[in-house]
Amino acid sequence: MAREDTASGGTAQDDSGHDFIRDIVRADLETGRIKQVITRFPPEPNGYLHIGHAKSICLNFGLAEEFGGRCHLRFDDTNPAKEAQEYVDAIQRDVRWLGFDWGEHLYFASDYFEQLYAWAEDLIRAGLAYVDDQSQEEIRANRGTLTEPGRDSPYRGRSVAENLDLFRRMRAGEFPNGARVLRAKIDMASGNINLRDPVLYRILHLPHPRTGTAWKIYPSYDFAHGQSDAIEHVTHSICTLEFEDHRPLYDWFIEHLDVPSRPRQYEFARLNLTHTVLSKRVLTRLVQEGHVTGWDDPRMPTLAGLRRRGVPAEAIRDFVKRIGVAKANSLVDIGMLDFSIRNVLNRRALRRMAVLRPLKVVIENYPEGKVEELEAANHPDDASAGVRKIPFSRELYIERDDFMEQPPKKFFRLSPGSEVRLRYAYFIRCTGVVRNSAGEVEELRCRYDPATRGGNAPDGRKVRATIHWVSAAHSLPAEVRLINPLFRTPVPSGGDDFAADLNPHSLEVLGGARIEPALADSSDAAPVQFERQGYFCRDPDSRPDRPVFNRTVGLRDSFAKELAKGGDPAQGA
Ligand code: ATP
Ligand code: MG
């Protein structure tokens, strides 16, 4: 509908679709190394997707869209101890919501278990893998450090026949959890610890959400991931920087196994956001320990939480585009996400009036029982959004903050004796206050100027403030939830002591808000701007008689000012 809002400045990359990964794909297509780009987004179904994942989703699906290829959704479901169908379902819902479609290309690493097993036997037969009886602790202790080489396992010299026999018996479930593992035989002195005989299979007597009880051993993520890409003919395996050191291992597998294709891996910097933790382990604990109401709590950085908060998918895509794709890790200001959200909502959201902390106003010279229907624009920049009628009457509510009994110098809103404009209505002047028994201001007495209907005085006199209001009798009660950052520290530790960084004021519930009648339709899920307050959306906790609104984001746009001054929103970490 409304105005095309061209965002002012603030791109961390140029807009021409160039970043190092797009350049690589473009070159691979131009030189004919590949005919079609095939990417994948490979989540492990052990939690909900978060805004960091959105960066990877937009990159992988975006590449496929831009270069006429395709992007798979593949679940790397190799660890039944932590995975669940709930997560598989949530991830699919969230990728779709973000605006992407994998078509028929939905895959699971568990579909490849038989093939992966066969490849493990191939490695054994080639003398490149062995069964190790050391305990997990012994393996760790013998792995060495960055400065010291590891020590060979006493079982490293087992014969192919013995290894095959033991590995088959591992599969058959003859041994308890942890009794043995299958390891690649590479190099215990390698400078890259990932190459010091990594674990390929572990014994785990645990049912898998998809394969049931068929397997008593499960491949490691490292053994499954690259080969799954190869099976799917993925051309560009894009992952985050922490996997750079795993690339030699993935290449080693591809080198030594009879795989159907040879994917190339490229690493980019993961998204880090201020006031936010994107570690799935911490997010899981936030949910499990009840710090939030669930994965979709509007304070969560999950896609489900952002959606419930009212953040449009378009705003997330816009944000991801602005931050760009780079090889160096960085920290992005959360204000940059808010900036994208405001940009989209400013265009889309219809304007409404709501009073979050009501203070009653009685207009003494307005006739009792009289109601006027005043006209108000639905969107200031878009006439096609139309107008609505707002009832005006003798008793109104205004925002408590818009009145001060003893105003400081620059306070231009309502105070005893002062005059303000009521948005779309009249000028009113405060003539008195009514107090309760505790001495608190409970009600304002005002007079209106009938000649100022519509908000302008024929004598040309000015007021310095315009405030919003609702009619007391016609407005509806509502609960408003102000969503603030979940972490008070700009860079939370993200460690086990994460609770110390939590913001005790991350959720402010305003139980006595009043909303204008145009907001009565409880089925209306469209975002709205509450004038002078911010952007809001209806929460699923709403009941027909008691709507609940979440504040998606406030109106204040300090971040845009920062950008205008030439500040760089993506500061080096
Ligand atoms: P973990 O592996 O510790 O469970 P994860 O966040 O890496 O957590 P995955 O399900 O493995 O979860 O992630 C799927 C994909 O999303 C991976 O390719 C990963 O690189 C990418 N990804 C995860 N976090 C981010 C992030 N903060 N920024 C960009 N990409 C990310
Ligand atoms: Mg991961």
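# Exercises on a predicted model

Strand S17 (residues 419-422) and strand S18 (residues 427-435) run antiparallel to each other and pair over three bridges. This is a predicted model, in which local features need pLDDT of at least 70, side-chain atom pairs count only at pLDDT 80 or more, and totals for chains, interfaces and linings use all residues. Residues are numbered from 1 along each chain as its sequence is written, chains are lettered from A and ligands numbered from 1 in the order in which they are written, and side-chain values use heavy atoms, with hydrogens and water left out.

## Exercise 1: two hairpins

Task: Find the bridge partner of glutamate 419 in S18, then work along to S19.

Solution.

Step 1. Fix the terms. Helices (H or I, at least four residues) and strands (E, at least two) are DSSP runs, numbered from the N terminus. Two strands pair if DSSP finds at least two bridges between them.

Step 2. Take S17 and S18. Glutamate 419 has arginine 429 as its bridge partner in S18. The two strands form a hairpin with four residues between them. In that turn, tyrosine 424 has a positive phi of about 65 degrees.

Step 3. Move on to S18 and strand S19 (residues 441-448). They pair in the antiparallel sense over seven bridges. Cysteine 430 stands opposite cysteine 446 in S19. Five residues lie between the strands of this hairpin, and glycine 439 takes a positive phi near 90 degrees.

## Exercise 2: an open sheet

Task: Give the strand order of the open sheet of seven strands, and state which strands are at its edges.

Solution.

Step 1. Recall the background. Strands of a sheet pair through backbone hydrogen bonds, either parallel or antiparallel.

Step 2. Read the order: S11-S24-S25-S26-S22-S23-S12, with mixed pairing. The edge strands are S11 (350-352) and S12 (354-355), each pairing on one side only.

Step 3. Check one parallel pair. Strand S22 (residues 476-483) and strand S26 (residues 548-554) pair in the parallel sense over four bridges. Here glutamate 479 stands opposite valine 548 in S26.

## Exercise 3: positive phi outside glycine

Task: Is aspartate 197 buried or exposed? Do the same for arginine 532.

Solution.

Step 1. Note the usual case. Most residues other than glycine have a negative phi.

Step 2. Set the cut-offs. Buried means under 20% relative accessible area, exposed over 50%, partly exposed in between (1.4 Å probe, protein chains only).

Step 3. Place aspartate 197. Its phi is positive, about 45 degrees, although it is not a glycine. It lies in the loop between strand S5 (181-184) and strand S6 (199-203). Aspartate 197 counts as buried because its relative accessibility is 1%.

Step 4. Place arginine 532. Its phi is also positive, near 70 degrees. It is found in the loop between strand S24 (528-530) and strand S25 (534-538). Its relative accessible area is 37%, so arginine 532 is partly exposed.

## Exercise 4: a buried aspartate

Task: Locate aspartate 94 and list what it touches.

Solution.

Step 1. Aspartate 94 is found in helix H3 (residues 85-98).

Step 2. Its relative accessible area is 0%, so aspartate 94 is buried.

Step 3. Contact means heavy atoms within 4.5 Å. Not counting residues up to four places away in sequence, aspartate 94 touches Tyr48, Leu49, Leu303, Ala304 and Arg307.

## Exercise 5: the shell of ligand 1

Task: Which of the 15 residues around ligand 1 come nearest? Then describe the polar contacts of the ligand.

Solution.

Step 1. A residue is near a molecule if one of its heavy atoms lies within 4 Å of it. Glu44, Gly52, Thr240, Leu271 and Lys280 come nearest.

Step 2. A polar contact with the ligand is a pair of N or O atoms within 3.5 Å. One ligand oxygen is 2.7 Å from a polar backbone atom of glutamate 44. An oxygen of ligand 1 is 3.3 Å from an N or O atom in the side chain of asparagine 46. A ligand nitrogen lies 3.2 Å from a backbone N or O atom of glycine 52.

Step 3. The protein covers 86% of the 590 Å² of accessible area that ligand 1 has on its own. Such areas come from the Shrake-Rupley method with a 1.4 Å probe.

Step 4. Helix H2 (residues 51-66) gives the largest share of the shell, three residues.

How values were computed. Polar contact = N/O pair within 3.5 Å; in protein donor to acceptor, adjacent residues only side chain to side chain.
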